[in-house]
Protein chains: 2
Amino acid sequence: MSPARTARALAREAITREILDSARARLSTDGAAALSLRAVARDVEMVSSAVYRYFPSRDALLTALLIESYDELGTAAEVADAGVADRSDVTARWLATFRAVRAWCVAHPGEFGLLYGTPVPGYAAPRDTVDPATRVVRVLIRIVGDGYAAGARPQVIPSAGATSGVASPPGTIAPALDFVAGHGLMEGAEPSDPELPETVRRAVMAWTELFGVISFELFGHQVGSIADPEAWLDEVALRLAADLGIRA
Amino acid sequence: MSPARTARALAREAITREILDSARARLSTDGAAALSLRAVARDVEMVSSAVYRYFPSRDALLTALLIESYDELGTAAEVADAGVADRSDVTARWLATFRAVRAWCVAHPGEFGLLYGTPVPGYAAPRDTVDPATRVVRVLIRIVGDGYAAGARPQVIPSAGATSGVASPPGTIAPALDFVAGHGLMEGAEPSDPELPETVRRAVMAWTELFGVISFELFGHQVGSIADPEAWLDEVALRLAADLGIRA
DNA sequence: ACCCTGGCAAGAGCGGTGCTCGCGTTTGTG
DNA sequence: CACAAACGCGAGCACCGCTCTTGCCAGGGT
């Protein structure tokens, strides 16, 4: 049954948890790049070398933090969307998701910096992190898809080459389309479906704007310009929904 | 009337330049947070303590890099906008500005990380940096303002409280409006002008999206989803212009 | 009930960091 | 010409991530 039956395994689990919590606390104060394994060791009252029994390197600890944080954020987005009873009210689902994502990021600025800030030099995130990292945008794609499936349409659909041949070649976001199809998002829609690219492009743009807003807020680019970040995000969410055409 | 007549002052200027260049080169490889004064000292073949004759601290060096980079980026944006001969072709000015900003950021990923990535822990940017930092968004505000002044209008103007009282209170971006008025952007428009808030709000949103796209590209959040970042930015720029209503 | 294997903490050591201080030298100026 | 300011150097302090070796002690096989 439970693989953690012995006292030894139980203690190991508890200490691992303690190390992760201390490391996440350190993220907020020192930043991801300066995450100090020694500082974490002091926090949990162990000698620095002892921590290496639990995480073979600082990079391994970073990876664990990365996956755990991406999962928390993704869960927050999914829970927020699922919490709207009226599934046809895409605007409410949209706003709830935006608010939940911002709320998590504001509550965990250190983790946000790790996820969406400057990459830690010398550290490359392993493949295990890309799936948790896409959970938020998947929620957005689903909401936009539901809205479009219900008949909503963007106000403006830029036609290819509308302005002197500057439109993107069709292959620009092809990998994203394959990803969406491969994950079974937007069931019934095939990669060749002309609706799919528009849905994905709009959702990816909104995803970018969402994290741009949060990034500017948390990284201090709004000081002196945005007085109320929370209200500003609401407004951005609603304007995006209107531009997307999914606003009720 | 060069103030650097003596050989000593000339040498000081040259060495200062050399230090700054080495530091900026290090930004791309090691990241801003790990910028090592000793490492740049080795690059310029000086003893670490000698560098302190030119920059009193690592933070001072960081500030110099910040201001220099913000100014370069701002100049790139201004030059790109000014380079469009037909001033009434706001779409061309818009696209040129977007492309120039991305081009600079892609060419200087280290500096971009310093400007828009995770803040360096323990370092707070002084006031001198906020004016250079706003040069890009000022260009965007001007273009949107020109477009609206010429009669263009957003397709959708969300009316306050259109969706169950979620609209932002009017004071949300009040500081930004004061800033625009104080800098004499959009001449003729007063803070009470109902056109001004819409212009600024749209420009700030576009500014956020622009840096969100670049941030995702440079920080590795597009791997596996966006095949052609350059084409993607073009598309985003044009879609934003269309949503803004300034597209020709 | 024994003993031995393996998880664990401790500590020394290596090379790196920001920064300070005292030294001798070079350079511009009164 | 002599004095003072600016300059480069090297040692040194306290910290960092990480490696390696040493010794302790609990668990499980016989």
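## Close-up views of protein and DNA

**View 1. Arg12(B) meets the backbone of DNA strand D.** In this predicted model, a polar atom in the side chain of Arg12(B) sits 2.6 Å from a phosphate oxygen of DNA strand D. Val47(B) also reaches a phosphate oxygen of this strand, here through a backbone N or O atom at 3.2 Å.

**View 2. Arg53(B) meets a base of DNA strand D.** An N or O atom in the side chain of Arg53(B) lies 2.5 Å from a base oxygen of DNA strand D.

**View 3. The surroundings of DNA strand D.** Look for 18 residues around this strand, with Ser36(A), Leu37(A), Arg38(A), Arg12(B) and Arg53(B) coming nearest. Of the atoms of DNA strand D within 4 Å of the protein, 49% belong to sugar and phosphate. Helix H2 (37–43) of chain A and helices H1 and H3 of chain B each give at least two residues to this surface. Its residues comprise eight nonpolar, three polar and seven charged ones.

**View 4. Three contacts with DNA strand C.** The side chain of Arg38(B) places an N or O atom 2.3 Å from a base nitrogen of DNA strand C. Phosphate oxygens of the strand lie 2.9 Å from a polar backbone atom of Arg8(B) and 3.2 Å from a backbone N or O atom of Leu35(B).

**View 5. The surroundings of DNA strand C.** Here 22 residues surround the strand, and Arg12(A), Arg53(A), Leu37(B), Arg38(B) and Arg58(B) are the closest. H2(B) supplies the largest share of this surface, with four residues. By class, you will find nine nonpolar, six polar and seven charged residues.

How values were computed: Residues are numbered from 1 along each chain as its sequence is written. Chains are lettered from A and ligands numbered from 1 in the order in which they are written. This is a predicted model: local features need pLDDT of at least 70, side-chain atom pairs count only at pLDDT 80 or more; totals for chains, interfaces and linings use all residues. Side-chain values use heavy atoms; hydrogens and water are left out. A residue is near a molecule or strand if one of its heavy atoms lies within 4 Å of it. A polar contact is a pair of N or O atoms within 3.5 Å; within protein, one must be able to donate a hydrogen and the other to accept it, and residues adjacent in sequence count only if both atoms are side-chain atoms. Ala, Val, Leu, Ile, Met, Phe, Trp, Tyr, Cys and Pro count as nonpolar, Asp, Glu, Lys and Arg as charged, and the others, Gly among them, as polar.
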